[in-house]
Amino acid sequence: MFRLLPCSAVVALSALSVACSVPIAAGLEEGDASEAVVALERGGVAADKERDPEREGTFRVLVNRDDSATALRVLAEEGLPPPATPGVLDALGKGSLVPSRLSEHAKLVTGTGGDLERSLRALDGVVSARVHLAVPPRDPLSLGEAAAPTTASVLIRHQGSRPPLGAFEIQRLVAGAVPGLAPDGVSVVMTPTPTPARAATRDLARLGPLTVTRGSMTPLRSMIAVAVLSNLVLLGCLALLWARVRRTEHALAAARADDEKDQRKR
């Protein structure tokens, strides 16, 4: 019982130190998770990423529990994480048992728009991108009816005063992905976003010779407590081993003395 109690305390304190970190974003692609971590570090919030245990192949972002409110504010200002947009393969993969021509056309348009948004978000300096495609279905049986023109609208929020691409380049990018869409049929709106101010220096506290932020006090104390208890358990085990060795030596010495007495009597 003496051995099990310190070990259970060590396990409890280890779980407490892990629980001090909370996920603020989950189910992310690795690139999106890394971008969120960089944005948080730039905003003065310590963050880390790890594999999401609930969704295979995705990641989640962890911050200290005391920094969660600040972290959520920083991510909101940065427009992170980006909204999940289905690509062409994702959209076409969700087919019905009896797919219709119109439904397949709508899925293809949705997937194309999602792929374009991902391509635009991959540009350095782009905070968010939305692409709206108006692609009327083509009916090969209709004769003499003028088809409605294909158009598109693009909204981009970017950092800094200058956009990463010019409007004409974005028009060419979108028009090249949609059959029947001319570059002049793409409307582009680009708005700059203010660079988020770096978070103010957080309050510092002293723990012995160490100076840490107040948000790090709890996990640091837990780590120190775990180390102290581990050393106490180790010392206790060494003391028990030393006592057992001493008892064994005394028993051997007593047995040796009894043998010598028996030999003298003989």
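Me: At roughly what angle do the axes of helix α5 and helix α6 cross?

Reply: Roughly 150 degrees, and the axes come within 10 Å. Helix α5 covers residues 101-121 and helix α6 covers residues 167-177. Keep in mind that this is a predicted model.

Me: What makes α5 and α6 roughly antiparallel to each other?

Reply: The crossing is roughly 150 degrees. Angles over 145 degrees count as roughly antiparallel, so α5 and α6 are roughly antiparallel to each other.

Me: Which residues make that contact between α5 and α6?

Reply: On α5, Thr 112, Leu 116 and Leu 120 take part, and on α6 you'll find Leu 173, Val 174 and Ala 177. Sorted by class, this contact has five nonpolar residues, one polar and no charged ones. The crossing of α5 past α6 is right-handed.

Me: And what about helix α2 and helix α3: why are they called roughly perpendicular to each other?

Reply: α2 (residues 30-42) and α3 (residues 68-78) pack at about 115 degrees, with axes 10 Å apart. The range 65 to 115 degrees counts as roughly perpendicular, and α2 and α3 are therefore given that name. The crossing here is right-handed.

Me: Which residues do α2 and α3 bring to their contact?

Reply: α2 brings Ala 36, Ala 39, Leu 40 and Arg 42, while α3 brings Ala 71, Val 74, Leu 75 and Glu 78. That divides into six nonpolar, no polar and two charged residues.

Me: Which strands do these two helices lie across?

Reply: α2 lies across β1, β2 and β3, and runs at about 165 degrees to β2. α3 lies across β1 and β3, at about 30 degrees to β1.

Me: How do you know that β1, β2 and β3 belong to one sheet?

Reply: Two strands pair if there are at least two bridges between them. Strand β1 (residues 21-28) is joined to β3 by five bridges, and strand β2 (residues 47-51) also pairs with β3 over five bridges. Both pairings are antiparallel. The result is an open sheet in the order β1-β3-β2. For single bridges to look at, Leu 28 has Phe 59 as its partner in β3, and Ala 47 has Val 63.

Me: What makes β1 and β2 the edges of that sheet?

Reply: Each of them has a single partner strand, so one side of each is left without a neighbour in the sheet. Neighbouring strands here are turned by 25 degrees against each other on average, direction ignored.

Me: Why is strand β3 called mostly covered?

Reply: Buried means under 20% relative accessible area, and six of the six residues in β3 (residues 59-64) are buried. For the protein chain, buried residues make up 29% of the 266 residues.

Me: What is the order of strands in the sheet that holds β4, and which strands stand at its edges?

Reply: The order is β4-β5-β6, an open sheet of three strands with mixed pairing. β4 (126-134) and β6 (186-193) stand at the edges, each with a single partner strand. Neighbouring strands are turned by 10 degrees against each other on average, direction ignored. Strand β5 (residues 151-159) and β6 pair in the parallel sense over eight bridges, and Ser 153 has Ser 187 as its bridge partner in β6.

Me: Now to the loop between α6 and β6: how do you know that Val 178 is buried?

Reply: Val 178 is found in that loop. The cut-off for buried is under 20%, and Val 178 has 6% relative accessibility, so Val 178 counts as buried. Not counting residues up to four places away in sequence, Val 178 touches Thr 112, Leu 133, Val 135 and Thr 150. The C-alpha atoms of Val 178 and Thr 151 are separated by 9.5 Å, with their positions 27 residues apart along the chain.

Me: Leu 181 is in the loop between α6 and β6 too; why does it count as buried?

Reply: The value for Leu 181 is 7% relative accessibility. Set against the cut-off of under 20%, Leu 181 therefore counts as buried. Leaving aside neighbours within four places in sequence, Leu 181 is in contact with Thr 150, Thr 151, Ala 152, Val 174, Ala 175 and Val 186.

Terms used. Residues are numbered from 1 along each chain as its sequence is written. This is a predicted model: local features need pLDDT of at least 70, side-chain atom pairs count only at pLDDT 80 or more; totals for chains, interfaces and linings use all residues. Side-chain values use heavy atoms; hydrogens and water are left out. Axes are lines fitted to C-alpha atoms, for helices over the stretch in contact, and angles run from 0 to 180 degrees between N-to-C directions. Helices (H or I, at least four residues) and strands (E, at least two) are DSSP runs, numbered from the N terminus. Angles under 35 degrees count as roughly parallel, over 145 as roughly antiparallel, 65 to 115 as roughly perpendicular and the rest as oblique. A crossing is left-handed if the near helix is turned anticlockwise from the far one by less than a right angle, and right-handed if clockwise. Contact means heavy atoms within 4.5 Å. Ala, Val, Leu, Ile, Met, Phe, Trp, Tyr, Cys and Pro count as nonpolar, Asp, Glu, Lys and Arg as charged, and the others, Gly among them, as polar. Buried means under 20% relative accessible area, exposed over 50%, partly exposed in between (1.4 Å probe, protein chains only).
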